[in-house]
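Visitor: Please take one part of this model and examine it closely, stating each criterion as it is used. I would like to see how that part relates to its surroundings.

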Amino acid sequence: MSPLRRAVESVHLATLGLWLGILIATGAAAALVFPAMKALDPALPAYAAFDRPHWTLAAGHVAERYFRASDVAQVALAGIAWLTLPIAAAVFGLRRGLPIVRIGLVGALSVSLAWQLLSLRPRMDLHLSAYRAAAIAGESELAEEERAAFAALHPAASSVMAINAALVLLAFAAGAFDATRQRRDDDAPEDADEETDQGA
């Protein structure tokens, strides 16, 4: 494998590895923040008129920062992943290049991410904003309705995060296997030439 090819593949695999790490870290952060806030049972001055527990509001404000940062990072990483795939295919050709499975996995991952950001997340944000607004106004019943509507979408959000993590892992594994296979294929003719020269 040429140094240029190795560099392109390395960037692609590093991108997928970082993407997987961000998904795992984001899920772990959310799983830790909510139980911790529940145990602390904070009282938030901004929601003084809200007569229900404030820990879900506090945890939500903290977790939201993680998810926003994760969204931005995933969009950037998706761009890099798609940039390196065509470069590898265009520069090095498809004969020993990218199997269709790698493109399919990154494509499926991109579609899943787009649905999450363009369809699911806006609906969740709408209910979350309404929940917070009602809580600030002291409209406890309305706040609870909006919180329940937000919570109803949470399983879908958890599922899509798990699906994305699985797709990233599969894309990384396929890319690593393909890069290793390509290196063996590239090295094989050189070894055969050396043996021929020695025999002569």
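Guide: The account below begins with the chain as a whole, turns to the loop between H1 and H2 with its salt bridges, and ends with helix H1 and the largest pocket.

The model is a predicted one, in which local features need pLDDT of at least 70 and side-chain atom pairs count only at pLDDT 80 or more, while totals for chains, interfaces and linings use all residues. Residues are numbered from 1 along each chain as its sequence is written, and side-chain values use heavy atoms, with hydrogens and water left out.

The chain has four helices and zero strands, and its order along the sequence is α-α-α-α. Helices (H or I, at least four residues) and strands (E, at least two) are DSSP runs, numbered from the N terminus. Of the 200 residues, 36% are buried; buried means under 20% relative accessible area, exposed over 50%, and partly exposed in between, with a 1.4 Å probe and protein chains only. Contact means heavy atoms within 4.5 Å. Among contacts between residues at least 6 apart in sequence, 80% join residues at least 24 apart.

The loop itself opens with a backbone feature. H1 is followed by Asp 41, which lies in the loop between H1 and H2. The phi of Asp 41 is near 50°, a positive value in a residue other than glycine. With a relative accessible area of 48%, Asp 41 is partly exposed.

Further along, Arg 52 pairs with acidic side chains. A salt bridge is a side-chain nitrogen of Lys or Arg within 4 Å of a carboxyl oxygen of Asp or Glu. The side chains of Arg 52 and Glu 141 form one such bridge, at 2.9 Å from N to O. Because Arg 52 lies in the loop between helix H1 (3-40) and helix H2 (55-92) and Glu 141 in helix H4 (residues 140-199), this pair ties together parts that are 89 residues apart in sequence. Arg 52 is partly exposed, at 26% relative accessibility, whereas Glu 141 is exposed, at 54%. Glu 144 also forms a salt bridge with Arg 52, at 4.0 Å from N to O. Here Glu 144 is in helix H4 and Arg 52 in the loop between H1 and H2, so the pair ties together parts that are 92 residues apart in sequence. These bridges belong to a network that links Asp 51, Arg 52, Glu 141, Glu 144 and Arg 147.

The count of salt bridges comes to 10. One of them joins the side chains of Arg 68 and Asp 125, at 3.0 Å from N to O. Arg 68 is in helix H2 and Asp 125 in helix H3 (residues 100-136), so this pair ties together parts that are 57 residues apart in sequence. Arg 68 is partly exposed, with a relative accessible area of 33%.

Before the loop comes helix H1. H1 has 38 residues and reaches 54 Å from its first C-alpha to its last, close to the 56 Å expected at 1.5 Å a residue; the expected span is 1.5 Å times one less than the number of residues. Val 33 is in H1 and is buried, at 13% relative accessibility. Leaving aside neighbours within four places in sequence, Val 33 is in contact with Ala 59, Val 62 and Tyr 66. The C-alpha atoms of Val 33 and Ala 63, 30 residues apart along the chain, are separated by 6.9 Å. Leu 32 is also in helix H1, but is exposed at 61% relative accessibility. Its C-alpha atom is separated by 9.5 Å from that of Ala 63, 31 residues away along the chain.

The largest pocket holds about 680 Å³ of space. On a 1 Å grid over the protein atoms alone, a pocket is an open set of points where a 1.4 Å probe fits, with protein on both sides within 12 Å along at least five of seven lines; lining residues have an atom within 4 Å of a point. Grid points are joined across faces, edges and corners, and the volume is the space filled by probe spheres set on them. The lining comprises 27 residues, of which Phe 34, Phe 67, Met 124, Phe 150 and His 154 lie nearest the centre. The elements giving two or more residues to this lining are H1, H2, H3 and H4. By class, the lining has 15 nonpolar, six polar and six charged residues, where Ala, Val, Leu, Ile, Met, Phe, Trp, Tyr, Cys and Pro count as nonpolar, Asp, Glu, Lys and Arg as charged, and the others, Gly among them, as polar.
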